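Dear colleague,

Please find the structure below, handed over for your own examination. My notes on what was found in it follow directly after.

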Amino acid sequence: MVTRTIDLRSDTVTKPTETMRLAMAKAEVDDDVLVYDPTARQLEIEMARITGKEAALFVPSGTMGNLISVLVHCEIRGSEVILGDNSHIHIYENGGISTIGGVHPRPIKNNEDGTMDVGLIEAAIRNPDFEICYPKTRLICLENSHANTGGRCLSVEYTDQVGELAKKHGLKLHIDGARIFNASAALKVPVDRLVQAADSVSVCLSKGLGAPVGSVIVGTEAFINRARILRKTLGGGMRQVGVLCAAALVALQENVPKLVTDHKNAKTLAEGLDKIEGLSVDIASVETNIVYFDILKGSRICALKLGKIMEEHGILLMPDSSSRVRIVIHHQVSASDVQYTLSCIKQAITGVTDENGGT
């Protein structure tokens, strides 16, 4: 009989803490569409302060936050955005920048560390002398940390370099900072310094930070004023949203310090998985809370079967392919949970049981 559930599918699966629920119950609220909700204002002011930007706006999701940001920077249909071919905006956001905004994506290969070669970015910028043929490049998008490369972090130096390139060509820079707090914790660099070069940033509150709902986008006052209108257009204007923002404020206070522990647990998990015969992990790539591991050829089970076996032990995983699995650590996964998970995976892969209770 399963006596515990360890959900490793994503850091979006966390449940609101008791402190969050109490804050939500007591939240002072008003109509946020009319810009009156005091708790929403408190969260937005705090996020603007943390990121070093003029203003902020709460939105229902990171996908909406990225979409709004791209549309503000690319108001003219047919504009082009340069972004990574393995980025969240390009792969997982329903092609919204194209279908809704008429914005053309210009994908550049993401390196294994989540960067794009600066030379390739510059080469992709359209020649304005040929606007009769080309879409006009208006925006560059980065992602930090970079989810599909295993939560790798973009350095300040790299981001500054891309920011300088954007300025040189009169472009804007947007950072998909869904897990920017994870990057900050891993690099030991304040969030505002990591995003200093950016014209706008989207920050997810319901991933690494563990809030139940929402993201915040930040930028200049003019950017946020336009973003507020687009949020309403897209159906994201909510009323007494302070109920949600209250939980996000708790997440900022309580869970940011826990990210270092999440990263430590992820590294422990990666090192343990790599020791299991039949599995392989690029340990050096585990910089934050995301771990990918590969099931080697010749193994008796595939990723999907492993997921089903783990579910019988109360462990939820997310197969990435037939031979690759993604695990994401969050603040509701303990060091004990990590050891139990390693034990169960080892037993499933090798048939060997150990003392950690993987039977």
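I begin with a cysteine. Cys-153 is buried, because its relative accessibility of 11% falls under the 20% limit for that class. Please bear in mind throughout that this is a predicted model.

Cysteines

Cys-153 takes part in no disulfide, and the nearest cysteine sulfur, belonging to Cys-204, is 16 Å away. The structure as a whole holds 0 disulfides. Cys-133 is likewise in no disulfide; for this residue the nearest cysteine sulfur is that of Cys-74, at 20 Å. Is Cys-133 buried or exposed? With a relative accessibility of 59%, Cys-133 counts as exposed.

Strand β6 and its partners

Strand β6 spans residues 172-177, and 5 of its 6 residues are buried, so the strand is largely enclosed by the rest of the structure. Strand β5 (residues 136-143) runs parallel to β6 and is joined to it by 5 bridges. Within this pairing, Lys-172 of β6 stands opposite Leu-139. Between β5 and β6 the chain passes through helix α7 (residues 156-168), and the resulting β-α-β crossover is right-handed. Strand β7 (residues 200-204) also pairs with β6 in the parallel sense, over 4 bridges. Here Ile-175 has Val-201 in β7 as its bridge partner.

An antiparallel sheet

An open sheet is formed by 4 strands in the order β9-β10-β13-β12, with antiparallel pairing. At its edges stand β9 (279-280) and β12 (318-319); each has a single partner strand, so one side of each is left without a neighbour in the sheet. The partner of β9 is strand β10 (residues 290-295), to which 2 antiparallel bridges join it. One of the residues involved is Leu-279, whose bridge partner in β10 is Ile-295.

Nonpolar cores

The largest nonpolar core has 53 residues, and the members touching the most others are Leu-43, Met-47, Phe-181 and Leu-205. Which helix gives the most to this core? Helix α11 (residues 242-254) does, with 8 residues. Leaving aside neighbours within four places in sequence, Leu-43 is in contact with Phe-58, Leu-205, Val-216, Cys-245, Ala-248, Leu-249 and Leu-252. Another core, of 30 residues, lies apart from the largest one and includes Leu-8, Leu-269, Leu-279 and Leu-342. Leu-279 is thus both a member of this second core and the residue paired with Ile-295.

Lys-207 and the record

An unreviewed UniProt entry carries the annotation "modified residue: N6-(pyridoxal phosphate)lysine" for Lys-207. In the model, Lys-207 is found in the loop between β7 and β8 (215-219). Its relative accessible area is 15%, so Lys-207 is buried. Not counting residues up to four places away in sequence, Lys-207 touches Asp-11, Thr-12, His-88, Ala-178 and Arg-179.

The unreviewed UniProt entry also places the feature "domain: Aromatic amino acid beta-eliminating lyase/threonine aldolase" at residues 7-294. In the model this span is 41% helix and 17% strand, and its end C-alpha atoms lie 19 Å apart.

With kind regards

Methods. Residues numbered from 1 in each chain as written. Predicted model: local features only at pLDDT ≥ 70, side-chain atom pairs only at ≥ 80, totals over all residues. Heavy atoms only, no water. Buried < 20%, exposed > 50% of the residue type's maximum accessible area, 1.4 Å probe, protein only. Pairing = 2+ DSSP bridges. Right-handed = clockwise from strand over helix to strand, strands pointing away. Disulfide = S-S within 2.5 Å. Core = buried A, V, L, I, M, F, W, Y, C linked by side-chain atoms within 4.5 Å. Contact = heavy atoms within 4.5 Å. UniProt positions renumbered as here; feature names shortened; annotations may be inferred.
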